[in-house]
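Q: Can we go through this model together? I'd like to start with the sheets and then look at the empty spaces.
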Amino acid sequence: MKKLCIIEPLLADYRLITFHELQNYFKVDVIFSPIDNMQEGFNTYIPSNSAYIKFIKVPTIKIFNEKNGQFQLGVAKYIYANKPDIVMISANIRYFSFWTTICLCKLLNIKVYAHGHGLYKRSHINFIYSLLYKILFIFVTSYICYTEDVKRSLVSIGIHEEKLSIAENSLTNLHTVKPEEKTGKENGLLFIGRLRKDCKINLLLTILEMMRIKENRNIHLHIIGDGSRYKYLDAYSKTHDWCHIYGKIYDHKTIHDISRKCFAGCYPGNAGLSLVHLMSLSLPPIIHDNVYEHGPEAGYIKHEYNGLLFDHKDSINSLYATIKYLVDTPNRIIRLQQAAYDSYKTLTEPSLAKRHLKIFNNNLSEI
């Protein structure tokens with residue numbers, strides 16, 4: 001059986017299902033670094049090893065600062081000693097160890113696949129970034145783009161399409177909520193994600209307070225997540241009985257049960273993969289329209305089809321009007337819920353593991 005080495009800066013829980021599915025086809029080694037900031041809401045545990053999957057923890061040193069020059073110690077030693085058949089690595093060009101890894105793989109004739117969001121979040125691509133990405137493609141077998149928009153961002157600087165693949169970044173929810181399970185009597189909005197500054201949860205609190213006063217709307221907010229804003233929100237919920245905060249929840253069945261109280265999801269700040277989770281629960285996401293602030297997953301949301309966009313330049317008035325517009329049109333809610341769930345199914349069938357598999361070897365018979 002061939003060996004696949006996956007190199008990640010951190011261990012995100014949503015990727016574990018993909019890693020475990022890949023062990024059906026490879027011996028999988030997952031190399032990652034432990035978190036050093038509990039406020040960001042990442043995993044702190046290490047999953048169990050098995051005959052076909054092993055989790056390897058390595059330290060990351062910061063040579064310059066929090067954003068530039070990180071180096072995952074021991075990765076090069078591992079690759080040289082084990083010579084995996086395939087390496088898939090998170091494409092963070094700020095990591096020195098990213099560059100040493102792809103160079104070593106080239107020297108050892110190991111297939112190496114970088115994956116990431118490319119230049120998606122850059123409205124202006126300067127010469128340095130363009131040059132670094134062009135150099136990157138000298139070493140990698142292929143770049144796995146999170147979305148079609150990511151692919152377009154790389155094509156725009158002259159990268160040939162044959163060096164680019166797409167495996168839509170997604171998560172698998174083992175406890176989905178189908179549209180027909182919604183009753184039409186739900187009165188909640190669901191926020192799910194890391195509780196950090198740019199999630200802008202305070203904006204949503206402000207809007208819902210205004211709606212309760214001006215419109216006499218009994219809309220509840222359900223918050224799932226952890227991070228630097230948790231203590232404030234926990235205190236807030238104790239004096240506002242319509243605000244419910246649950247902390248970080250790993251159990252999908254518990255999240256499923258909470259979501260049954262909600263008619264839509266809302267991520268007022270800079271959203272990412274949480275949008276896929278919301279759609280898996282038949283909750284159309286409400287997000288702002290500044291695409292360069294979001295992760296590439298925001299491209300999955302189409303206004304008035306499977307979600308709603310509000311104007312980030314006039315966020316208070318626009319988000320207020322958007323939520324009011326939605327609750328005033330229950331037939332629209334039903335249509336959006338169906339489309340949101342359909343979008344989730346499209347993103348996850350076939351699974352992310354099988355999409356990677358196809359990229360690695362074109363078809364299962366070649367493995």
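A: Some terms first: helices (H or I, at least four residues) and strands (E, at least two) are DSSP runs, numbered from the N terminus. Contact means heavy atoms within 4.5 Å. Axes are lines fitted to C-alpha atoms, for helices over the stretch in contact, and angles run from 0 to 180 degrees between N-to-C directions. The model is predicted, with local features needing pLDDT of at least 70 and side-chain atom pairs counting only at pLDDT 80 or more, while totals for chains, interfaces and linings use all residues. Residues are numbered from 1 along each chain as its sequence is written, and side-chain values use heavy atoms, with hydrogens and water left out.

Q: OK. What does helix α12 lie across?
A: Helix α12, residues 352-361, lies across β1, β6, β7 (111-116), β8 and β9. The helix runs at about 125° to β6.

Q: And what is the strand order in the open sheet of 7 strands?
A: The order is β3-β2-β1-β6-β7-β8-β9, with parallel pairing. Two strands pair if DSSP finds at least two bridges between them.

Q: Which strands stand at the edges?
A: β3 (53-57) and β9 (164-166) do; each has a single partner strand, so one side of each is left without a neighbour in the sheet. On average, neighbouring strands of this sheet are turned by 20° against each other, direction ignored.

Q: How many bridges join β8 to β9?
A: 3 bridges, between parallel strands, with β8 covering residues 142-145. Cys-145 stands opposite Ile-166 in β9.

Q: What does helix α2 touch?
A: Helix α2 (residues 75-82) packs on the sheet and touches β1 (3-7), β2 (27-32), β3 and β6 (86-90). The direction of α2 makes about 175° with that of β1.

Q: Now the sheet with 6 strands. What order there?
A: That open sheet reads β12-β11-β10-β13-β14-β15, and the pairing is parallel. The edge strands, β12 (243-247) and β15 (308-310), each pair on one side only. Here the average turn between neighbouring strands is 25°, direction ignored.

Q: How many bridges join β11 to β12?
A: 4 bridges join them, the two strands running parallel, and β11 spans residues 220-224. Ile-223 stands opposite Ile-245 in β12.

Q: Which helix packs on that sheet, touching β10?
A: Helix α6 (residues 201-214), which touches β10 (188-192), β11, β12, β13 (262-266) and β15. The direction of α6 makes about 165° with that of β11.

Q: Switching topic: how many salt bridges?
A: A search of the whole structure finds 16. A salt bridge here is a side-chain nitrogen of Lys or Arg within 4 Å of a carboxyl oxygen of Asp or Glu.

Q: What does Lys-248 pair with?
A: Lys-248 forms a salt bridge with Asp-13, and the closest N and O atoms are 3.9 Å apart. The pair links distant parts of the chain, 235 residues apart: Lys-248 is in the loop between β12 and α8 (252-259), and Asp-13 is in the loop between β1 and α1 (16-22).

Q: Any backbone oddities, and where? Which peptide bond is cis?
A: The one joining Glu-349 and Pro-350, with omega about 5°. Pro-350 is in the loop between α11 and α12. Lys-83 has a positive phi of about 45° although it is not a glycine, and Lys-83 is found in the loop between α2 and β6. Most residues other than glycine have a negative phi, and most peptide bonds are trans.

Q: Last topic, the empty spaces. How big is the second largest pocket?
A: Its volume is about 320 Å³. On a 1 Å grid over the protein atoms alone, a pocket is an open set with protein on both sides within 12 Å along at least five of seven lines, a cavity is a set of points where a 1.4 Å probe fits but cannot get out, and lining residues have an atom within 4 Å of a point. Grid points are joined across faces, edges and corners, and a volume is the space filled by probe spheres set on the points.

Q: Which element gives the largest share of that pocket's lining?
A: Helix α11 (residues 330-348), with 5 residues.
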